[in-house]
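User: I am new to this structure and would like a close look at one part of it, namely how charged side chains pair up. Please go through the pairs one by one, and then set them in their wider surroundings.

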Amino acid sequence: MLATIRKTLVGMMCLVGTVAQSQTFVRITDPQNEAAVTPGTSGYRGCAWVDYDLDGDDDLWVNRNLLYRNDGNGAFVNVGIGIIANTGLGSGGSWADYDNDGDPDLYLSGSPNSILYRNEGNDLFTPIDEGDIGFSGHDYRGWSCAWGDYDSDGNVDMIVTHPAGFLGNPSIPNIMFRNDGPPNYSFTRITDSDVVTGLAAYTIGSFADFDLDGDLDFNIGSGPVSAPGVDYFYRNTLAQTGTAELAHWTGNNLTGTARDGQNINWIDFDNDGDLDCYITNYTAGFNGGRRNDFYRNDNGAYVQIIEGAIVTDRQTSLGNCWGDFDNDGWLDCVISNETGTNKYYRNLGNGEFESLMTPFTVAGVFRCPAASDYDDDGDLDLFFSGVGAAQGFYRNETTNGNHWLKLKLTGTESNRSGVGAVVRMKAVIGGVSMWQIREVNTQNSFCGHNSLSVHFGLGDAVTADSVEIRWPSGARDYFVNVGSNITLNVSEGETARAEEFPHLPRDYSVTAFPNPFNGETTIHYRLPHNQSARIEVFDITGRLVRQFAELLQSSGSIRFNPQQLSSGTYFVSLVDLQGKLRDTTKLQYLK
């Protein structure tokens, strides 16, 4: 039996690389899906996925101001909410529950003005025209907008970008509102922040905790189109000083490089635990477009990636949309282009991306790509806003047997939408234990955003060993042994043990947390029912180094302290009474 286990472990350790797969998106033309057959309008307008009616599935908002209710079975119906149409060149939207009443509200940026719409339920939205955020008597012309709780007080704040020279005269600075919270949820305009100082071609602004220090930072793609220019990055000082200030961040190759930046996204593409940066570029005076910029975060040093189609393709790019579209555990990238076709770059898991030509063959003028698992089948679908017939709805029909996990977050001490929450998930995929990171974001495409639900691909993993949610309040929730192919509805503060989830599949599994570990870790096991089994630990050569007493309960945990063992890689195996290997997880012991 020992020889059989050793052979199995060696096979697992040799399982490296990525199996070639195809990616299938099917353009929807069903007339019962009004969003799929309605042509797009002119201008630079976005779209967003949001469950505005709280029925459990994502609905679709498309600018110029159409809200399509997802009625299931592929039917999307325009509910006609009467939002005032903007006529300016650019216009974006951002959804979050600003008044913490349980339903998401819409801020619409544009020209001749930007307006907050409060969701009253029953497909009714009220324009808010009072206080600092009221539109009457104010010049709030804007291109994009984003909700984010930059001061971590439990209420989402708002920043609206104004691109000087693109929305008429006179040009104005960016606009920032602090949410004053209950009981009235009014707003105070902030006029002394670095974000609202000076004029530039401020285009797409977005919040992200790009240094993962627990507070939301901000950045603005600020391409001037006619020539290269720098983008703008602002670091939040809240974690360091106790005072929330968005301070202009300069002095490195990321912040100082001139480009034609549009949409800036922070993602952990290499699953190494920190956030990398991808920026789409438009033209900056180059006929045929400009290459996009990609920076790998190496312990705080941003190293520009210069090889591969994802950075060498020259195109007029606007939005970049990241998601694990093939559920293999690695974030992929979709790019919207103003000319030609959109691009899909599949993450190979080794620092490289493969450009796939087949997913999108329709040419046209595209603006905003946005992702959501609208049909709740576990894979991410796409909508592209665009001009005329280019606008389109794409259902993900990739079939590869990979598993997935989704989370829908509700803040209690934090804002109700969970905006700014950082979710980490660990699973053993292809024999390798890895952490993935996601962040709930309300502006991560071109004038729009993906679903506020969190989606992970699990590859061949049938469970997520560990899930950690770091809420904007600083609170953390932890879960272990979470089943695959399910959606968890998580409220802040409901940390629970795996055995408290009755919907988890009852099967063989063995996991460990923490992992990697220093000193001691806890091995968690699960059996289909009460029966005899045992846990054994092997080193990387296949030598048995520890065997625990026979198990009798259907689930439980065992503390493991390596004591005299050397640091390195170990494998924990769950073996049934007949000596059959049922599950294995890899441990990384650090001394």
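Analyst: In this predicted model, R559 counts as exposed because its relative accessibility of 60% is over the 50% cut-off. The side chain of R559 meets that of E520 in a salt bridge, with 3.1 Å from N to O. This pair links distant parts of the chain, since R559 belongs to strand β43 (residues 555-560) while E520 sits in the loop between β39 (509-513) and β40 (521-526), 39 residues apart. E520, for its part, is partly exposed, with a relative accessible area of 36%.

How does K426 stand in this respect, buried or exposed? K426 has a relative accessibility of 0% and therefore counts as buried. The salt bridge of K426 is made with D465, and the closest N and O atoms of the two are 3.0 Å apart. Because K426 lies in strand β33 and D465 in strand β36, the pair ties together parts that are 39 residues apart in sequence. D465 is likewise buried, at 3% relative accessibility, so this charged pair has buried residues at both ends.

A further pair is formed by R367 and E338, whose side chains meet in a salt bridge at 2.6 Å, N to O. R367 is part of strand β29 (residues 366-372), and E338 is in the loop between β26 (332-337) and β27 (343-347), so parts of the chain that are 29 residues apart in sequence are tied together here. With 6% relative accessibility R367 counts as buried, and E338 is buried as well, its relative accessible area being 14%.

Charged residues may also join in groups, as with D326, D328, R346 and E354, which are linked in a network of salt bridges. Over the whole structure, the search finds 23 salt bridges. As a general point, side chains of opposite charge can pair when their charged atoms come close.

To place these pairs, it helps to turn to the division of the chain, which runs into domain 1 (23-398), domain 2 (403-491) and domain 3 (509-589). Between the C-alpha centres of domain 1 and domain 3 there are 44 Å.

The strands that carry K426 and D465, β33 and β36, are also among the elements that give two or more residues to a nonpolar core. This is the largest nonpolar core, with 25 residues, and those with the most contacts inside it are L405, L407, L409, V467 and I469. The elements giving two or more residues to this core are β32 (403-410), β33 (422-429), β35 (454-459), β36 (463-470), β37 (476-483) and β38 (486-491), and the largest share, four residues, comes from β33. If neighbours within four places in sequence are left aside, V467 is in contact with residues that include L405, L407, V423, M425, Y478 and F479. There is also a second, separate core of 22 residues, which includes A35, L60, L167 and A370. In soluble globular proteins, nonpolar side chains tend to be buried together.

Polar side chains, too, can be followed in this way, and S206 in strand β15 (residues 204-208) offers a case. S206 counts as buried, at 3% relative accessibility, and its side chain is joined to that of N219 by a polar contact of 2.9 Å. Apart from neighbours within four places in sequence, the residues in contact with S206 are A146, D217, F218, N219, I264 and Q443.

Finally, one may ask how many disulfides accompany these charged links. The count comes to zero. The sulfur of C277 is 12 Å from the closest cysteine sulfur, in C333, and this is too far for a bond, because a disulfide needs the two sulfur atoms within 2.5 Å. C333 is in no disulfide either, the nearest cysteine sulfur being that of C321, 7.8 Å away. C277 is buried, with a relative accessible area of 0%, and C333 counts as buried at 0% relative accessibility.

Definitions and conventions. Residues numbered from 1 in each chain as written. Predicted model: local features only at pLDDT ≥ 70, side-chain atom pairs only at ≥ 80, totals over all residues. Heavy atoms only, no water. Buried < 20%, exposed > 50% of the residue type's maximum accessible area, 1.4 Å probe, protein only. Polar contact = N/O pair within 3.5 Å; in protein donor to acceptor, adjacent residues only side chain to side chain. Contact = heavy atoms within 4.5 Å. Domains from an automatic or database assignment. Core = buried A, V, L, I, M, F, W, Y, C linked by side-chain atoms within 4.5 Å. Salt bridge = Lys/Arg side-chain N within 4 Å of Asp/Glu carboxyl O.
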